[in-house]
Amino acid sequence: MDTRKLTLTSILIAMNVVLSNLIYIPVGPIKAFPMQHFINVLCAVFVGPWFGLAQALISSVLRNIFGTGSFFAFPGSMIGVLFAAILYQRFKKIGFASLGEWIGTGLIGSLCTIPLLYLMDIGMKGFLPIFYAFIVSSLFGSIIAYILLRLLNKRNLLNKRNG
């Protein structure tokens with residue numbers, strides 16, 4: 001087990017749960033969490049897809065337990081971090097991690113909420129607000145992470161993380 005990745009993932013989970021209580025956008029039956037997307041991009045760069053996936057799952061479970069999240073968190077956050085991490089591993093560019101989060105959550109994750117809409121007896125009438133919330137939330141979170149990671153990279157702090 002990689003202790004550094006496990007520790008960093010735990011810290012990112014804690015940050016996610018706390019920040020999500022402070023910054024969220026209520027949209028109908030969901031709450032959009034730009035900080036989830038911010039944390040997802042950080043996970044993509046720092047811990048990779050599997051620890052990132054664990055972070056998204058545990059963060060979503062904790063937010064639901066605390067009553068600050070919704071079941072819509074699962075498809076968006078988990079698909080987003082997976083896409084972000086895979087693209088980052090493939091291209092080793094921060095921009096691809098941010099783009100992967102936006103595509104994974106904003107586009108694919110929002111489409112994966114359709115079965116939940118029907119289970120909640122909302123149907124497709126609730127899809128457009130959710131789609132827009134996922135797009136905007138993942139865009140803002142990804143941009144914030146991109147800016148932070150670029151600043152860290154400019155100061156050569158990203159290269160020191162493995163040392």
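Before you click on anything, one definition will help: buried means under 20% relative accessible area, exposed means over 50%, and partly exposed is in between, computed with a 1.4 Å probe on protein chains only. What you have open is a predicted model, where local features need pLDDT of at least 70 and side-chain atom pairs count only at pLDDT 80 or more, while totals for chains, interfaces and linings use all residues. Residues are numbered from 1 along each chain as its sequence is written, and side-chain values use heavy atoms, with hydrogens and water left out.

**Stop 1: the cysteines**

Select Cys112, which is partly exposed at a relative accessible area of 35%. Now add Cys43, which counts as buried because its relative accessibility is 0%. How far is the sulfur of Cys43 from the closest cysteine sulfur? That sulfur belongs to Cys112 and lies 20 Å away, too far for a bond. A disulfide here is a pair of cysteine sulfur atoms within 2.5 Å, and a search of the whole structure finds zero of them.

**Stop 2: helix 2**

Next, select residues 34-46, which make up helix 2. Helices are DSSP runs of H or I with at least four residues, numbered from the N terminus. The expected span of a helix is 1.5 Å times one less than its number of residues. For the 13 residues of helix 2 that gives 18 Å, and the end C-alpha atoms are 19 Å apart, which agrees. Is helix 2 largely enclosed or open? It is largely enclosed by the rest of the structure, because 13 of its 13 residues are buried. Just after helix 2 comes Gly48, with a positive phi near 85°.

**Stop 3: the nonpolar cores**

Show side chains now. A nonpolar core is a set of buried Ala, Val, Leu, Ile, Met, Phe, Trp, Tyr and Cys residues joined through side-chain atoms within 4.5 Å. The largest one has 22 residues, and Leu42, Val45, Phe46 and Leu149 touch the most other members. Helix 2, helix 3 (48-65), helix 4 (73-91), helix 5 (94-111) and helix 7 (127-154) each supply at least two residues of this core. Which helix gives the most? Helix 2 does, with nine residues. A second, separate core has five residues, including Phe72, Leu117, Phe127 and Phe134.

**Stop 4: the aromatic rings**

Colour the aromatic residues. Rings of Phe, Tyr and Trp (its six-membered ring) pair if their centres lie within 6.5 Å; planes under 30 degrees apart count as stacked, over 60 as edge-to-face and the rest as tilted. The structure holds four such pairs. One of them is Phe71 with Phe74, a stacked pair at 6.3 Å centre to centre with 25° between the planes. Phe71 counts as exposed, because its relative accessibility is 55%. Then select Phe127, Phe131 and Tyr132, which form one aromatic cluster.

Move to Arg90, whose charged end sits over the ring of Phe91, 5.1 Å from its centre. The cut-offs for this are NZ of Lys or CZ of Arg within 6 Å of the ring centre and within 35 degrees of the ring normal.

**Stop 5: around Gly106**

Finish on Gly106 in helix 5, a residue that is buried at 0% relative accessibility. Leaving aside neighbours within four places in sequence, Gly106 is in contact (heavy atoms within 4.5 Å) with Glu101, Phe131, Phe134, Ile135 and Ser138. Its C-alpha is 7.8 Å from that of Gly80, 26 residues apart in sequence. The C-alpha atoms of Gly106 and Val136 are separated by 7.6 Å, with their positions 30 residues apart along the chain. Val136 is in helix 7 and is partly exposed, with a relative accessible area of 37%.
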